[in-house]
Amino acid sequence: MKKLVALITILIMGILAVAESYYAAQFMALSAAEKKWGTQSLDAKTFSEGNLSKRAPMAVDILKRSLYVGKSRKLVRQELGDPDSYFFSDTIYAYKIMPFP
């Protein structure tokens, strides 16, 4: 019985360690994003066309001005087009701004 409890404890700790590393994503500071890509006022039509080099500076503008904070996902999708990526869940819209390795 002690071996079973020890095994379960080790298993739970392993799962928690994996979950912590999975969810402990590092995020780029807005100032670093602005330094890397610059800022360009959002043009929803251009953004929705999906050109990554044009999207990145517009994404910085979206964040700087908190354009979609509190807005519905429907509005975001109408203005920016269908999401082409994901962020931990399909319910959190994400748009590519640079190629993935």
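Which residues does Thr 46 touch, not counting residues up to four places away in sequence? The legends below answer this and then tour other parts of this predicted model.

**Figure 1. Thr 46 and its contacts.** Let us begin with the residue in the opening question. Thr 46 touches Lys 54 and Met 58, once residues up to four places away in sequence are set aside. Thr 46 itself is found in helix H3. With a relative accessible area of 19%, Thr 46 is buried, because the cut-off for that label is under 20%.

**Figure 2. The whole protein, for orientation.** Before more close-ups, here is the overall layout. The secondary structure comes to five helices and two strands. Read from the N terminus on, the elements run α-α-α-α-α-β-β. The protein has 101 residues, and 17% of them count as buried. Its accessible surface comes to about 7,800 Å², with 62% of that belonging to carbon and sulfur atoms. Among contacts in the protein with a separation of 6 or more, 37% are between residues 24 or more positions apart.

**Figure 3. Leu 80 and the residues around it.** This view is centred on Leu 80, which lies in helix H5. Is Leu 80 buried or exposed? Leu 80 is buried, with a relative accessible area of 4%. Leaving out residues up to four places away in sequence, Leu 80 touches Leu 42, Phe 47, Ser 48, Ile 62, Tyr 68 and Tyr 95. Take Leu 42 from that list: Leu 80 and Leu 42 are 38 residues apart along the chain, and their C-alpha atoms are separated by 9.7 Å.

**Figure 4. An aromatic pair, Phe 47 and Tyr 95.** Two of the contacts of Leu 80, Phe 47 and Tyr 95, return here. How many aromatic pairs does the count come to? The count comes to one aromatic pair. Phe 47 and Tyr 95 form this pair, with an edge-to-face arrangement: the distance is 5.6 Å centre to centre, and there are 70 degrees between the planes. The pair links distant parts of the chain, with Phe 47 in helix H3 (residues 44-49) and Tyr 95 in the segment after S2, 48 residues apart. Both Phe 47 and Tyr 95 are buried.

**Figure 5. Arg 55, between a ring and a carboxyl group.** Stay with Phe 47 for a moment and look at its ring. Arg 55 lies over the face of Phe 47, at 4.8 Å from the ring centre. Arg 55 also forms a salt bridge with Asp 84, where the closest N and O atoms are 2.7 Å apart. This salt bridge links distant parts of the chain: Arg 55 is in helix H4 and Asp 84 is in the loop between H5 and S1, 29 residues apart. The two partners fall into separate accessibility classes. Arg 55 counts as buried at 2% relative accessibility, whereas Asp 84 counts as partly exposed at 32%.

**Figure 6. Two more salt bridges.** The count comes to five salt bridges, and two of them are shown here. In one, the side chains of Lys 64 and Glu 34 meet at 2.9 Å, N to O. Lys 64 lies in helix H4 and Glu 34 in helix H2 (residues 30-37), so the pair ties together parts that are 30 residues apart in sequence. Lys 64 counts as partly exposed at 41% relative accessibility, and Glu 34 counts as partly exposed at 31%. In the other, the side chains of Lys 45 and Glu 49 meet at 2.8 Å, N to O. Lys 45 and Glu 49 are separated by about one helical turn, because they are four residues apart in helix H3. Lys 45 is exposed, and so is Glu 49.

**Figure 7. A nonpolar patch on the surface.** Which residues make the nonpolar surface patch of about 380 Å²? The patch is made by Phe 27, Phe 87, Phe 88 and Ile 92. One of them, Phe 88, is found in the loop between strand S1 (85-87) and strand S2 (89-94). At 31% relative accessibility, Phe 88 counts as partly exposed.

**Figure 8. Ser 66 and its backbone angle.** Our last stop is a loop residue. Ser 66 lies between helix H4 (52-64) and helix H5 (73-80), in the loop that joins them. Although Ser 66 is not a glycine, it has a positive phi of about 50 degrees. Ser 66 counts as partly exposed, at 40% relative accessibility.

Definitions and conventions: Residues numbered from 1 in each chain as written. Predicted model: local features only at pLDDT ≥ 70, side-chain atom pairs only at ≥ 80, totals over all residues. Heavy atoms only, no water. Buried < 20%, exposed > 50% of the residue type's maximum accessible area, 1.4 Å probe, protein only. Contact = heavy atoms within 4.5 Å. Areas by Shrake-Rupley, 256 points an atom, 1.4 Å probe, with all protein chains shown as cover. Patch = residues over 30% accessible without salt bridge, like charges linked within 9 Å, V, L, I, M, F, W, Y side chains within 5 Å. Salt bridge = Lys/Arg side-chain N within 4 Å of Asp/Glu carboxyl O. Phe/Tyr/Trp six-rings, centres within 6.5 Å; stacked < 30°, edge-to-face > 60°. Lys NZ or Arg CZ within 6 Å of the ring centre and 35° of its normal.
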